[in-house]
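Colleague: I am new to this structure and would be grateful for a close look at one part of it, namely the surroundings of the nucleic acid. Please then place that part in the context of the remaining protein, and explain each term as it arises.

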Protein chains: 2
Amino acid sequence: MDIKTNLIATAERLFDRNGFSATGMDRLTQEAGLSSRTLYKHVGSKTVLMALVLGVRERRFMERLDVQTVDEIFDVLAQWTRDEGGRGCLFLRSYGETGGDIPEIANVVLTHKEATRAKIAEIVQRDLGGGDHGELTEQILVLFEGAVAAAVYRGMDAISAARKAAASLVAQARS
Amino acid sequence: MDIKTNLIATAERLFDRNGFSATGMDRLTQEAGLSSRTLYKHVGSKTVLMALVLGVRERRFMERLDVQTVDEIFDVLAQWTRDEGGRGCLFLRSYGETGGDIPEIANVVLTHKEATRAKIAEIVQRDLGGGDHGELTEQILVLFEGAVAAAVYRGMDAISAARKAAASLVAQARS
DNA sequence: TAAAGTGTAAAACGGTCGTTTTACACTGTC
DNA sequence: GACAGTGTAAAACGACCGTTTTACACTTTA
């Protein structure tokens, strides 16, 4: 595998599992199997690496979120959690750990959140057969965010609860 | 004010605003207006301080959450966010930043989450006039958690959306 | 008035942080 | 066969980490 790709994948795993600050560069170079010199030649700094990690995560997530119905949104989340584990939203965690003070990271996070909201809006609109549904979109967004967060301690139950709640709200909006 | 109380309050503010790891002890002693010797005499270590912070936050939060209806749950959250700012759940952030690997902290976090769930269950049951409502409780919990998380980037809109969604689900459960 | 307790100020502790540098091996190319 | 490019291994960088220690001032109490 490409060095940089492998490095970013390793960093994503370690940052997600152990936290950003708690993950030292020594551990990173060791687990990625490269020297610190090569690491810094490829990514420049730890902050840039974190931004790159969020960038690839954003792309992988958005690819998966390319669905047609509100129900499927939560299927995607359930599968994602089964595949990658539920340790909370890495974007919000990065934002919180840096106090929102590092623009490189804050930008990626806020852009990701806006893209997610826009995607949910699109799915809601399609699922309901057109029309404006800003309020329902915000509700589904909150359910989605809540499912991610609550899955940390409630597991898959949080996701299926969110799914059912969303279905209720959609059904109510239809009638 | 009592030294330890003031220290914990200062630590809560700094940990919440800037993150746990990102907050150094120098900054803490400086802003709390005491020497490092006094700090360590009173709390022992940074980890213990973090656990103490979560402890007082838990008590303050639970006092506020002592309400009777589902609607009021979200009123409490709205007021809390206005008073203290919405930077995400400090419990989950602490858990994430430490990878869940520090028992002292993990215990406080998971206990707090279970207490919150139990309190919501009690409120839901009272609001619906008795009976078992495990599924609805889980849905309200997810909405609450989602409102906290989404408020970081959507502000108060996330909270009022959660409030309305919860009201819809409660109304549906009543009929 | 001596002792014990509690506080501050500040230097120092050993360790670890992110990052840079040095020294060297291997590879493909003109 | 020199050469630039890219990699590793590992030492070293200065800064900062959480924590402990030293030295000293003030208050309370017996």
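Modeller: A residue is called buried if its relative accessible area is under 20%, exposed if it is over 50%, and partly exposed in between, with a 1.4 Å probe and the protein chains only. By that criterion B:E138 is buried, because its relative accessibility is 9%; I shall return to this residue after the DNA.

This is a predicted model, in which local features need pLDDT of at least 70 and side-chain atom pairs count only at pLDDT 80 or more, whereas totals for chains, interfaces and linings use all residues. Residues are numbered from 1 along each chain as its sequence is written, chains are lettered from A and ligands numbered from 1 in the order in which they are written, and side-chain values use heavy atoms, with hydrogens and water left out.

For the DNA, a residue is near a strand if one of its heavy atoms lies within 4 Å of it. DNA strand D is surrounded by 16 residues, of which A:T38, B:M25, B:S36, B:Y40 and B:K46 are the closest. Of the strand D atoms within 4 Å of the protein, 56% belong to sugar or phosphate, and the rest belong to bases. The surface near strand D consists of 4 nonpolar, 9 polar and 3 charged residues. In this division Ala, Val, Leu, Ile, Met, Phe, Trp, Tyr, Cys and Pro count as nonpolar, Asp, Glu, Lys and Arg as charged, and the others, Gly among them, as polar.

Helices are DSSP runs (H or I) of at least four residues, and strands are runs (E) of at least two, numbered from the N terminus. Helix 3 (36-43) of chain A and helix 3 (36-43) of chain B each supply at least two residues of the surface near DNA strand D. The largest share, 4 residues, comes from helix 3 of chain A.

Individual polar contacts give further detail. The term denotes a pair of N or O atoms within 3.5 Å; within protein, one must be able to donate a hydrogen and the other to accept it, and residues adjacent in sequence count only if both atoms are side-chain atoms. The side chain of A:R37 places an N or O atom 2.9 Å from a base oxygen of DNA strand D. Phosphate oxygens of this strand are approached by the backbone: an N or O atom of A:G33 lies at 3.4 Å, and a polar backbone atom of B:T23 lies at 3.4 Å.

Turning to DNA strand C, 16 residues lie around it, and A:M25, A:S36, A:Y40, A:K46 and B:T38 come nearest. Sugar and phosphate make up 51% of the strand C atoms that come within 4 Å of the protein. Here helix 3 of chain B gives the most to the surface, with 4 residues, and the surface residues divide into 4 nonpolar, 9 polar and 3 charged. Phosphate oxygens of strand C lie 2.3 Å from a polar side-chain atom of B:T38, 2.6 Å from one of A:Y40, and 2.9 Å from a polar backbone atom of A:M25.

Beyond the DNA, contact means heavy atoms within 4.5 Å. Helix 1 (residues 3-18) of chain B has buried residues that include B:L7, B:I8, B:L14 and B:F15. Among the elements that cover them are helix 3 of chain B and helix 6 (90-97) of chain A. Just after this helix, B:G19 has a positive phi of about 95 degrees. In chain A, A:I8 belongs to helix 1 (residues 3-18) and is buried, because its relative accessible area is 8%. Leaving out residues up to four places away in sequence, A:I8 touches A:L49, A:L52, A:V53 and A:V56.

Finally, B:E138, introduced above, lies in helix 8 of chain B. Apart from neighbours within four places in sequence, B:E138 is in contact with A:R154, A:D157, A:A158 and A:A161. A nonpolar core is a set of buried Ala, Val, Leu, Ile, Met, Phe, Trp, Tyr and Cys residues joined through side-chain atoms within 4.5 Å. The largest such core has 115 residues, of which A:I140 and B:I140 touch the most other members. Helix 8 (residues 134-154) of chain B provides its largest share, 13 residues.
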